[in-house]
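Visitor: I am new to this structure and would like a close look at a single part of it, the place where two chains come together. Please take me through it with care.

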Amino acid sequence: MEKYETHTHDVIIIGAGGAGLRAAIESSAKGASTALICKSLLGKAHTVMAEGGVAAALANVDTKDNWETHFKDTMKGGKMLNNWQMALYHAQEAPERVRELEYWGALFDRTKEGGINQRAFGGHTWKRLAHVGDRTGLEMIRTLQEKGIHSGIDVYMECTITHLVKDGDRVVGAFGYWRESGKFVLFRANAIVLATGGVGKAYKYTSNSWEYTGDGHAMAYEAGAELIDMEFIQFHPTGMVWPPSVRGILVTEAVRGEGGILTNSEGERFMERYDPERMELSTRDVVARSIYTEVEQGRGSPHGGAFLDVSHRGADYVKRKLPSMYHQFMEFADIDITKGPMEVFPTTHYVMGGVKVEGDTCSSTVPGLFAAGEVAGGMHGANRLGGNSLSDLLVFGKRAGEGAAAYASGKSHASVSAELIEGYANELREPFNNTQGENPYTIHQDLQDVMQLYIGVFRTEENIQTGIDKIEALKERARTLKIEGSVMFNPGWHLCRDLKSMLIVSEALARCALARKESRGAHSRVDFPESDDGTWGKLNFIVASKDGVMDLETRPIVEMPDELSKLFTEDK
Amino acid sequence: MSVAKLRVFRGDAQGGEEKEYEVPVDEGMVVLDALFYIQANYDGDLAIRWNCKAAKCGSCSTEINGKPKLACKTRMDSFAEGETITVYPIKAFPVIKDLVTDVSWNYEVSKKIPPFTPAEDTEWIMYQEDVERGQEFRKCIECFMCQNVCHILRDHNRKDAFAGPRFMIKIAEREMHPLDVLDRREFAREEAGVGFCNITKCCTEVCPEDIHITDNGIIPLKERVVDKYYDPLSWLLRKIKGK
């Protein structure tokens with residue numbers, strides 16, 4: 001076969017958003033030779049787009065806040081389906097992880113007393129989100145990037161990993177290609193951390209960047225790891241609606257956190273009907289369904305959304321606290337949000353489901369394979385609270401880095417089967433060699449339409465089944481792809497493997513959505529509108545590959561210990 | 001729906017040529033959408049970097065009708081009806097393929113800048129007015145368009161001597177961090193070549209984040225360097241301390 005490069009490290013981390021960077025910093029700090037592999041240039045990962053803030057019970061603004069309340073908010077927001085151990089670590093460790101960013105140079109917005117300022121967000125009892133205007137993710141990724149490049153990590157940019165390489169049960173390497181040259185590369189390692197983010201690009205309207213093609217989910221699945229809770233995909237209530245070119249781009253929850261009001265075409269503040277107590281700051285699943293319902297019932301805005309207005313806070317305030325939103329609407333939609341309302345509609349934002357991991361070390365069910373951040377499942381249960389993903393990636397990025405470094409320590413590198421590698425290489429080159437075949441761009445667009453239509457905010461057995469049939473047909477078509485051009489920086493070729501990942505994850509989403517016959521969090525079944533706490537509320541879905549076929553099983557949730565469950569009864 | 005004509009650079013380090021494409025234009029469409037249309041319908045291998053398509057990541061810097069722009073932020077309706085739109089890679093960096101250039105030099109420079117360094121016993125209190133100067137520079141999305149238009153890099157190719165505007169504000173940001181204790185003035189002068197900038201402000205003009213690179217970053221940095229090196233008292237102190 002053609003020649004390829006080989007690099008050898010103790011730990012490799014696939015994905016260089018917040019979770020990957022945090023994992024790499026920790027792994028390196030623990031003395032492991034650490035590689036960080038990113039699909040794009042460093043600092044461009046999806047974390048850069050996070051806006052509203054990072055949730056941590058620092059209690060700088062609302063002094064009553066504490067980890068117990070954050071833990072409870074997270075579990076309730078996730079409809080008690082969360083991995084309680086993860087939610088517990090997350091609530092307890094987030095404050096220190098946020099302060100740490102400050103020690104590394106981050107400049108969060110300040111309170112009058114000179115501490116880190118915090119803002120209100122949906123489902124959080126207290127003002128909890130540390131932020132920098134509405135560009136918190138950029139601040140975080142830059143801070144971690146800066147810390148990272150001075151931490152002795154080897155960074156490999158614009159490298160796509162396509163296959164996890166196993167020796168017996170455990171992962172021993174990762175194979176992929178340089179985007180620039182199209183040449184193959186093998187990374188040998190004793191531990192691998194997946195930090196590849198989500199899968200929003202399987203949908204037509206999404207707030208996610210191009211990298212969100214479910215690579216980590218798919219590679220873990222192919223390597224035999226279990227995925228959990230895949231039916232839960234978050235539709236962020238407020239994406240842009242108009243013009244068509246920007247449909248789906250995120251409108252940060254901070255707009256509502258800063259007092260933004262939602263109204264319908266009749267001028268009614270409709271959240272009064274859906275959640276009179278929390279109103280616009282209800283959890284994302286509720287607000288998304290409410291907006292969707294208003295539009296469905298004919299009370300939508302001119303372009304089929306709801307109105308979101310924050311102009312009453314005054315132009316100066318809006319420009320100071322929501323500068324990106326101001327520019328985004330001004331430049332893309334010719335709308336001045338300091339003077340009038342935006343139009344918003346739910347947009348695919350985040351996958352709660354992911355690789356099943358242990359909270360302690362983020363180890364998956366495959367030895368040597370770890371996962372952190374959005375690609376990991378369990379932490380957020382059936383619905384994630386805003387701000388909890390940025391804290392998740394810090395807390396579990398660190399834990400995964402630590403876990404991977406400890407696992408790798410003292411192990412010698414296993415041999416990698418040449419035959420295996422040749423098989424992967426041939427599979428990847430196939431679209432160049434096929435004389436006939438489909439255009440990957442066409443199949444991608446078709447998949448996006450299918451997911452948008454059939455596995456959306458509201459679901460029924462009939463439409464999910466239709467979605468599954470269509471995904472099956474797309475899988476068949478995607479078997480033979482054909483592309484033009486050379487192997488050098490060829491986006492059409494890159495899409496071929498990304499498409500395969502998206503198809504695997506889409507199928508998992510659809511199959512779990514069909515199986516969960518109740519409504520819970522982000523999963524809303526029109527044919528089963530109620531939550532069934534006694535039955536379904538006690539079960540997680542596990543997806544795994546059995547002899548090449550997608551297998552689905554239910555597994556009882558792990559009950560939390562008494563001292564924690566007491567927190568919830570005391571509350572009543 | 002109208003149809004736009006785009007002339008896009010296709011080629012690599014060895015050279016290339018413009019290729020013309022016709023793309024239907026929808027309301028609110030941006031140049032990046034037009035490039036996607038070309039990929040999906042004409043040439044699947046057209047290379048362009050992009051990530052967020054929301055002007056937040058700074059990946060899709062190109063030269064559109066000769067001007068450095070983010071392709072995701074340049075609306076098709078900003079051109080006259082029938083106007084041909086040319087799209088080229090940014091000029092200050094070597095072409096890899098089509099619209100993708102080799103910007104790795106920037107990452108090498110970035111690594112050389114001494115990191116944020118707080119005192120051992122720092123009390124972590126900072127006020128909003130103290131962090132705002134740094135926050136302005138930290139808005140930078142690293143699109144490298146300021147590097148691209150800086151004539152020291154673009155026309156004179158002095159990458160050996162000048163770190164460029166993006167890294168001037170990075171040094172400035174560290175220097176202005178209220179809790180940083182490291183002195184980077186020598187670095188700014190000797191390694192980063194702050195003296196090369198002659199304040200033409202081209203960088204400020206192209207910044208998609210409206211960072212006042214020259215006024216708020218480079219000029220204050222130059223002043224600090226001048227204070228250190230040309231202030232007679234500092235000069236005397238350096239002599240005595242032997243630094």
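Guide: A good place to begin is a salt bridge (a side-chain nitrogen of Lys or Arg within 4 Å of a carboxyl oxygen of Asp or Glu) in which the side chains of Glu51(A) and Lys56(B) meet, at 3.2 Å from N to O. Between chain B and chain A the count is seven salt bridges. This is a predicted model, in which local features need pLDDT of at least 70 and side-chain atom pairs count only at pLDDT 80 or more, while totals for chains, interfaces and linings use all residues. Residues are numbered from 1 along each chain as its sequence is written, chains are lettered from A in the order in which they are written, and side-chain values use heavy atoms, with hydrogens and water left out.

Taking contact to mean heavy atoms within 4.5 Å, 57 residues of chain B are in contact with 61 residues of chain A. The two chains bury about 4,800 Å² between them, 54% of it on carbon and sulfur atoms, where buried area is the accessible area (1.4 Å probe) that two parts lose on being put together, summed over both. On the chain B side, Lys56(B) appears again, for Asn51(B), Lys56(B) and Arg138(B) lose the most area to chain A, together 15% of what that side buries.
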